[in-house]
Amino acid sequence: MKGLKIVVLAKQVPDTRNVGKDAMKADGTVNRAALPAIFNPEDLNALELALNIKDSNPGTTVTVLTMGPGRAAEILREAIYRGADNGVLLTDRAFAGADTLATSYALSRAIAKMDKVDLIIAGRQAIDGDTAQVGPQVAEKLNIPQITYAEEVISIKKEKLTVKRRIEGGIEIVEGKMPCVITVNNSAPDCRPRNVRRLMKYKHATTVSERQETDDDYIGMQNGREYLDIPEWTVNNIEADIIQLGLSGSPTKVKQIESVVFAAKESKKLTDSDKDIDWLMKELISNHTLG
Amino acid sequence: MNNVCVYCELDEGKIADVSLELMTKGRTLANELGVQLEALVIGSNLKNIEKQLLPYGADKIFIADDKRLDPYVTQPHTTITVNVFEKEKPQIALMGATIIGRDLGPRVSSALKSGLTADCTSLEIGPHEDKKQGKTYENLLYQIRPAFGGNIVATIINPDCRPQMATVREGVMKKEIFNENHKGEIINIDVDKILTDTDFLVKVIERHVEKSKINIKNSPIIVAGGYGVGSKENFQLLHNFADLIGGDVGASRAAVDAGYAEHERQIGQTGVTVRPKLYIACGISGQVQHTAGMEESSMIIAINNDPEAPINKIADYVITGNVEDVIPKMMKQYKANTK
């Protein structure tokens with residue numbers, strides 16, 4: 001079988017799992033600068049699934065597509081170190097303020113711009129929003145089937161593929177027709193680590209904006225090494241209806257954001273002494289909470 | 001037109017609890033807006049299914065009954081839902097934040113170019129003023145959810161697109177019979193007129209589903225552990241304690257992500273919502289994402305070595321100390337006092 005063309009959708013996210021005390025500013029907004037930016041965890045599961053397909057289907061190419069600020073090129077390099085063939089950074093002010101619908105519209109237009117794509121693989125959801133919406137919405141925009149909550153691609157024969165999904169209380173095996181979108185759960189295998197040889201080769205892979213901000217030497221290094229170029233696409237590289245992008249393409253608006261303040265209860269403070277705990281257990285038993 | 005519609009999910013031939021909970025919420029919202037409550041059921045062998053929905057206050061029930069519609073697959077359910085929404089133009093559409101709802105919801109919202117908010121913890125009706133555009137809106141759906149790892153609570157609105165769509169997890173809303181004798185209209189959908197072959201590109205070929213043995217939703221006592229418990233071995237201590245006092249073990253998302261506990265034990269916005277009579281939070285800091293799923297517990301005991309942990313603010317009793325010291329003492333004293 002000839003190789004497949006796979007696009008992996010990935011997102012650079014603030015690491016909301018390790019939020020420190022300085023994560024919130026005094027005015028109640030999120031201090032993004034205080035949060036480390038990471039490769040969205042389930043997008044790494046998605047990358048592994050793609051690389052796994054590539055391993056068993058010679059000639060397959062894996063391109064990682066991300067939308068975000070210039071800094072998001074970091075995760076494209078990371079993906080390349082781990083085995084992706086290349087990345088595309090979709091970045092433009094026109095995309096700013098996008099909700100999931102406007103994001104999936106932009107991504108779907110970028111995918112439409114690529115040569116015939118067989119499979120689009122994404123993480124089930126990103127940890128900064130947990131919505132799980134972009135994968136299915138990209139599928140709808142491209143008018144192709146979706147297989148969500150995937151754990152494993154069991155087989156690929158011609159344009160048919162068999163996928164194991166993790167569903168409530170068990171698993172489901174489905175057969176689908178390519179092209180299609182697959183979203184991957186964290187129950188799927190972890191992503192392989194960086195490959196040292198690839199790390200050496202692609203260490204200086206950069207986007208044009210990154211090169212413009214850096215020393216001339218790097219620009220020299222790029223000459224004759226096209227593989228070190230990470231393509232950067234703006235709104236001009238995709239054929240998109242500008243109204244459907246960014247803030248204007250987002251039906252959902254944030255009306256209000258509150259930082260979380262608990263109304264303090266009258267709580268009884270205890271120490272871990274035998275006396276305090278003996279008192280508490282007696283209290284719970286006598287008021288029939290326990291017993 | 002302009003009604004509130006609930007996509008009703010099926011669980012072994014019965015309307016799923018999460019959908020009945022949304023019917024109850026939907027009824028409240030519809031009453032507040034002065035509109036009707038609609039239910040949409042898509043599946044197979046649905047004879048008499050309306051009997052399960054009418055007591056929850058359904059005014060109109062749309063039924064798509066066809067053997068190709070069970071088990072659930074994305075596209076035929078999407079096509080039918082989009083078709084009904086385009087004709088009926090509901091102002092609000094609600095779905096369970098389940099594997100099915102989270103697969104179907106985004107696809108439907110994309111097809112209708114409308115907004116969808118996932119995993120809401122509260123739904124309210126209210127006005128909105130857009131100062132920039134000089135527009136005011138009445139009766140919008142406030143879709144309220146924790147965001148950003150639970151550090152903030154966001155109110156999301158869809159001012160201009162309809163339906164305003166939201167998903168809600170099971171257990172977040174309460175189900176309540178509206179009226180045993182409620183009457184409503186039944187509309188049978190002619191599936192063959194809507195579906196085409198391209199809706200069936202994905203087929204389910206095998207399915208192994210077991211009701212999970214772990215079900216903490218209705219447990220009267222929950223001993224929950226967070227990342228602060230430190231290890232899977234320390235979690236065993238919580239199991240021992242829970243067994244002793246007749247409870248079940250729950251966990252925060254951080255503890256589940258760290259592999260200390262099974263996914264089914266996760267409590268909070270992205271897990272289950274519980275309302276036990278006693279909740280013992282061990283090594284849980286208390287991000288809103290977690291507290292959203294347990295704050296209605298009748299009594300809360302927090303055990304934490306951080307005296308400033310946010311969970312302490314909602315706790316009735318705060319024990320400052322290490323979980324691995326405090327739990328054995330509690331077990332010992334419990335045994336001593338219940339002999």
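Reader: What makes one say that helix α4 of chain B lies across strands, and which strands are they?

Author: In this predicted model, helix α4 (residues 99-112) of chain B lies across β1, β6, β7 and β11 (164-168) of chain B. Contact requires heavy atoms within 4.5 Å. The helix runs at about 150 degrees to β6(B). Angles here go from 0 to 180 degrees between N-to-C directions, so a value of 180 would stand for opposite directions.

Reader: Which strands does helix α3 of chain B lie across?

Author: Helix α3 (residues 74-88) of chain B lies across β1 (4-8), β4 (37-43), β5 and β6 (92-96) of that chain. Its direction makes an angle of about 155 degrees with β4(B).

Reader: In what order do the seven strands of the open sheet in chain B stand?

Author: The order is β7-β11-β6-β1-β4-β5-β12, and the pairing is parallel. Strands of a sheet pair through backbone hydrogen bonds, either parallel or antiparallel. From one strand to the next, the twist averages 20 degrees.

Reader: Why are β7 and β12 of chain B called edge strands?

Author: β7 (116-120) and β12 (185-188) of chain B each pair on one side only.

Reader: How do you know that β5 of chain B is joined to β12(B)?

Author: Four bridges join strand β5 (residues 60-65) of chain B to β12(B), and the two run parallel. At least two bridges are needed for two strands to count as paired, so this case qualifies. As an example, B:Lys60 has B:Glu185 in β12(B) as its bridge partner.

Reader: In what sense do β8 and β9 of chain B pair?

Author: Strand β8 (residues 122-130) and strand β9 (residues 135-147) of chain B pair in the antiparallel sense, over eight bridges. One of the bridge partnerships is that of B:Gly126 with B:Leu140 in β9(B). β8(B) and β9(B) form a hairpin, with four residues between them. In the turn, B:Gly134 has a positive phi of about 65 degrees.

Reader: Why is A:Thr63 described as it is, buried or exposed?

Author: A:Thr63 has a relative accessibility of 12%. Buried means under 20%, so A:Thr63 counts as buried. A:Thr63 belongs to strand β4 (residues 61-67) of chain A. Leaving aside residues up to four places away in sequence, A:Thr63 touches A:Lys5, A:Ile6, A:Val7, A:Val8, A:Asn86, A:Gly87 and A:Val88.

Reader: Why is B:Ser298 described as it is, buried or exposed?

Author: B:Ser298 stands at 54% relative accessibility. Exposed means over 50%, so B:Ser298 counts as exposed. B:Ser298 is found in the loop between α7 (288-291) and β17 (299-304) of chain B. Not counting residues up to four places away in sequence, B:Ser298 touches B:Pro276, B:Lys277 and B:Asp316. B:Ser298 and B:Tyr279 are 19 residues apart in sequence, and their C-alpha atoms are 7.8 Å apart in space.

Reader: How many residues are there in chain A, and what percentage of them is buried?

Author: Chain A has 291 residues, of which 53% are buried. Chain A contains eight helices and 13 strands. The area it exposes is about 13700 Å², with 49% supplied by carbon and sulfur atoms.

Reader: Which strands make up the open sheet of 10 strands?

Author: The order is β11(A)-β5(A)-β4(A)-β1(A)-β6(A)-β10(A)-β7(A)-β8(A)-β9(A)-β13(B), and the pairing is mixed. The edge strands are β11 (232-233) of chain A and β13 (203-209) of chain B, each of which pairs on one side only. Within chain A, strand β7 (residues 146-157) and strand β8 (residues 160-167) pair in the antiparallel sense over six bridges. There, the bridge partner of A:Lys157 in β8(A) is A:Lys160.

Reader: How do you know that chain B and chain A are in contact, and how many residues take part?

Author: The contact takes 80 residues from chain B and 82 residues from chain A. Between them, the two chains bury about 6900 Å², 58% of it on carbon and sulfur atoms. B:Ile99, B:Arg107 and B:Phe148 supply 11% of the area that chain B buries against chain A, more than any other three residues.

Reader: Into which domains is chain B divided?

Author: Chain B is divided into domain 1 (4-200) and domain 2 (221-338). The centres of these two domains, taken over C-alpha atoms, are separated by 34 Å. In their contact, 14 residues of domain 1 meet 10 residues of domain 2. The two domains of chain B bury about 930 Å² between them.

Conventions
Residues numbered from 1 in each chain as written. Chains lettered and ligands numbered in written order. Predicted model: local features only at pLDDT ≥ 70, side-chain atom pairs only at ≥ 80, totals over all residues. Heavy atoms only, no water. Buried < 20%, exposed > 50% of the residue type's maximum accessible area, 1.4 Å probe, protein only. Areas by Shrake-Rupley, 256 points an atom, 1.4 Å probe, with all protein chains shown as cover. Domains from an automatic or database assignment. Buried area = accessible area lost by both parts, 1.4 Å probe.
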